[in-house]
Amino acid sequence: MKLPSTLFLKAHIPSTTLLFSSSKGKSNAKMLPFICFCKMIQSSSYEVANGSYHPTLLQEKENNIVEKASRKIESIGAFQKLPIVMPSIDILGSALKKARRVSATKGISNIAKREKNKGAKQLDALMKELAVPLRTYVENFPKKTYLHPYESSLIELTLGDGYYEKVLGKVDALRKRVVSVGKEHASICAKSTSKREAEERLVEGLKKIEEIFAQERKVVDDLLVIAKTLRAMPVVDLETSTLCLVGAPNVGKSSLVHVLSTGKPEICNYPFTTRGILMGHIVFNYQKFQVTDTPGLLKRHDDDRNNLEKLTLAVLSHLPTAVLYVHDLTGECGTSPSEQFSIYKEIRERFTGHLWLDVVSKSDLMKSSPVVYATDEPSEQVDLEKYRKSGPDGAINVSVKTEEGLDELKHRVHELLNLQMAKIITIDDDNDNNNKQEK
Ligand SMILES: Nc1nc2c(ncn2[C@@H]2O[C@H](COP(=O)(O)OP(=O)(O)O)[C@@H](O)[C@H]2O)c(=O)[nH]1
Ligand SMILES: [Mg+2]
């Protein structure tokens, strides 16, 4: 049997290399060979010789591609690189159209042989036109384990546990089914003994493949929605030093983001909440930094936390941010100081690696009439009593109303962000060195 794909491979290696090296984004470059590879399957792998149908190197390529799919995507930004998924109805329409245009191999004079050759080729073409886009999606939607952990958390928070994998698994199952039914019918058609039989087998086969696809095509549309949702997610820049405001709800985080930002902060929307997250910039000494608030944390076990709280924990766990922890000791915010103290202790212990600054907010109210909680009785605990009076050691008292402490806060924040920048550069250098050693 002649192997057209060998020729194809030789002819296409240079262009694959060219695409790879000319690509700007690192992770994007990793995806390009997959796309070339899918085109390769599309253009080369069926062979109808002497009126019989011989599936060619599809299986071999399939194994190869599974291996390639497990490559690691190291940086953040995978959502913006997700493939554009075509609506399933369009995939089907376009596949049927293309398949019907396929004609018999030239030079077959026997009418029956010509008909069965055409039939097998059309069925094969329909199978591939349906299977190749599905394969491209399964290949180019990264496995969650190879995503940056922050993006992996966002997938869970947005889509629910396991939904992403489930939909991708179903798309792959549909692809396999289309391939198997397509091959089967192409083979049956190729064995026809008369023109009429070949025609009937072709009609039957086309109908069957279309049916199989139509039954399950909704999963492709589910994938389309996933891609759209994830692509719209706020983009995080890991190379810019970021200050993250953390604390209980209503302690004054957003107010401080406004005060610290140069210009008006933007509102970033996450699909799992209607409450936007503020993201501002601080320009200082010609350098640009980011400042963002996070959804407020309550005193409760992780299992009971809502998606907003989980987002805050995901940010702290996976993004290299400096923390500005906000304490409201007036009790105005609705969370008592003793509860804030226990949340604070837990978070402080959990995220020891972060650069950290504490502020006690609403200092204007502290002086007048702090809210007294009936449940918040005087405690024997010395550290809690101390916290109630002045917050953690070294905390700065601020008020956005009277502007008390704001100059000092800005000064300390700039120092912290410069330190954070130095930390990012060190991490980048370490990564570069590790990469060089791996090579
Ligand atoms: N008196 C006073 N009120 C403040 C101060 N900072 C914030 N607030 C108020 O506290 C409430 C919650 O503030 P916000 O910034 O939305 O808190 P967040 O939920 O932590 O982002 C709002 O009504 C603010 O106006 C302050 O320094 N003094
Ligand atoms: Mg807020």
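**View 1. How much of the chain is buried.** Of the 439 residues in this chain, 33% count as buried. The model is a predicted one. Its secondary structure comprises 15 helices and nine strands. If we look at contacts between residues at least 6 apart in sequence, 77% of them join residues at least 24 apart. The close-ups that follow visit the sheet, some helices and the ligand.

**View 2. The open sheet, strand by strand.** Here seven strands form an open sheet with mixed pairing, and their order is E4-E5-E6-E3-E7-E8-E9. At the edges sit strand E4 (266-268) and strand E9 (396-397), each of which pairs on one side only. Helix H10 packs on this sheet, where it touches strand E3 (242-247), E5, E6 and strand E7 (321-327). The direction of H10 makes about 165° with that of E6. As a reminder for newcomers, strands of a sheet pair through backbone hydrogen bonds, and they do so either parallel or antiparallel.

**View 3. The antiparallel pairs, E4 with E5 and E5 with E6.** Begin with E4 and E5, which run antiparallel and are joined by three bridges. In this pair, Cys268 stands opposite Ile277 of E5. Next, strand E5 (residues 277-284) pairs with strand E6 (residues 287-293), again in the antiparallel sense, over six bridges. To follow the pairing residue by residue, find Gly280, which stands opposite Val291 in E6, and then Val283, which stands opposite Lys288 in E6. The hairpin of E5 and E6 has two residues between the strands, and Asn285 takes a positive phi near 50° there.

**View 4. Strand E7 and its two parallel neighbours.** On one side, E3 and E7 pair in the parallel sense over six bridges. The bridge partner of Val246 in E7 is Tyr325. E7 also pairs with strand E8 (residues 356-360), in the parallel sense and over five bridges. Tyr325 appears in this pairing too, standing opposite Asp358 in E8. Is E7 buried or exposed? Seven of its seven residues are buried, so E7 is largely enclosed by the rest of the structure. Thr321, Val323, Tyr325 and His327 point one way from E7, while Ala322, Leu324 and Val326 point the other way.

**View 5. Arg348 in helix H12.** This residue has its place in helix H12 (residues 337-350). Is Arg348 buried or partly exposed? Arg348 is partly exposed, because 15 other C-beta atoms lie within 10 Å, and a residue counts as buried only if there are 20 or more. From here you can look across to Val323: Arg348 and Val323 are 25 residues apart in sequence and 9.9 Å apart in space, C-alpha to C-alpha.

**View 6. Helices H5 and H8 side by side.** Two packed helices are described by the angle between their axes and the distance between the axes. Helix H5 (residues 111-140) and helix H8 (residues 195-216) pack at an angle of about 5°, with axes 8 Å apart. That makes H5 roughly parallel to H8. Residues of H5 in the contact include Ile111, Gly119, Leu123, Leu126 and Leu130, and those from H8 include Lys195, Leu202, Leu206 and Phe213. By class, this contact has eleven nonpolar, three polar and five charged residues.

**View 7. Helix H7 against H8.** Now meet another partner of H8: helix H7 (residues 163-190) packs with H8 at an angle of about 175°, their axes 9 Å apart. The two helices are therefore roughly antiparallel to each other. H7 brings residues including Lys170, Leu174, Val178, Val181 and His185 to the contact, and H8 brings residues including Ala198, Gly205, Ile209, Ile212 and Glu216. The residues of this contact divide into eleven nonpolar, three polar and five charged.

**View 8. The shell around ligand 1.** Which residues come nearest to ligand 1? Of the 16 residues around ligand 1, they are Gly252, Lys253, Ser254, Ser255 and Lys362. Two elements give two or more residues to this shell, helix H10 (253-260) and helix H13 (363-368). H10 gives the most, with three residues; this is the helix that packs on the sheet in View 2. Sorted by class, the shell has four nonpolar, seven polar and five charged residues.

Methods. Residues are numbered from 1 along each chain as its sequence is written. Chains are lettered from A and ligands numbered from 1 in the order in which they are written. This is a predicted model: local features need pLDDT of at least 70, side-chain atom pairs count only at pLDDT 80 or more; totals for chains, interfaces and linings use all residues. Helices (H or I, at least four residues) and strands (E, at least two) are DSSP runs, numbered from the N terminus. A residue is buried if 20 or more other C-beta atoms lie within 10 Å of its own, exposed if 12 or fewer, and partly exposed in between; C-beta atoms are placed from the backbone. Two residues are in contact if their C-beta atoms, placed from the backbone, lie within 7 Å. A residue is near a molecule or strand if its C-beta atom, placed from the backbone, lies within 6 Å of it. Ala, Val, Leu, Ile, Met, Phe, Trp, Tyr, Cys and Pro count as nonpolar, Asp, Glu, Lys and Arg as charged, and the others, Gly among them, as polar. Two strands pair if DSSP finds at least two bridges between them. Axes are lines fitted to C-alpha atoms, for helices over the stretch in contact, and angles run from 0 to 180 degrees between N-to-C directions. Angles under 35 degrees count as roughly parallel, over 145 as roughly antiparallel, 65 to 115 as roughly perpendicular and the rest as oblique.
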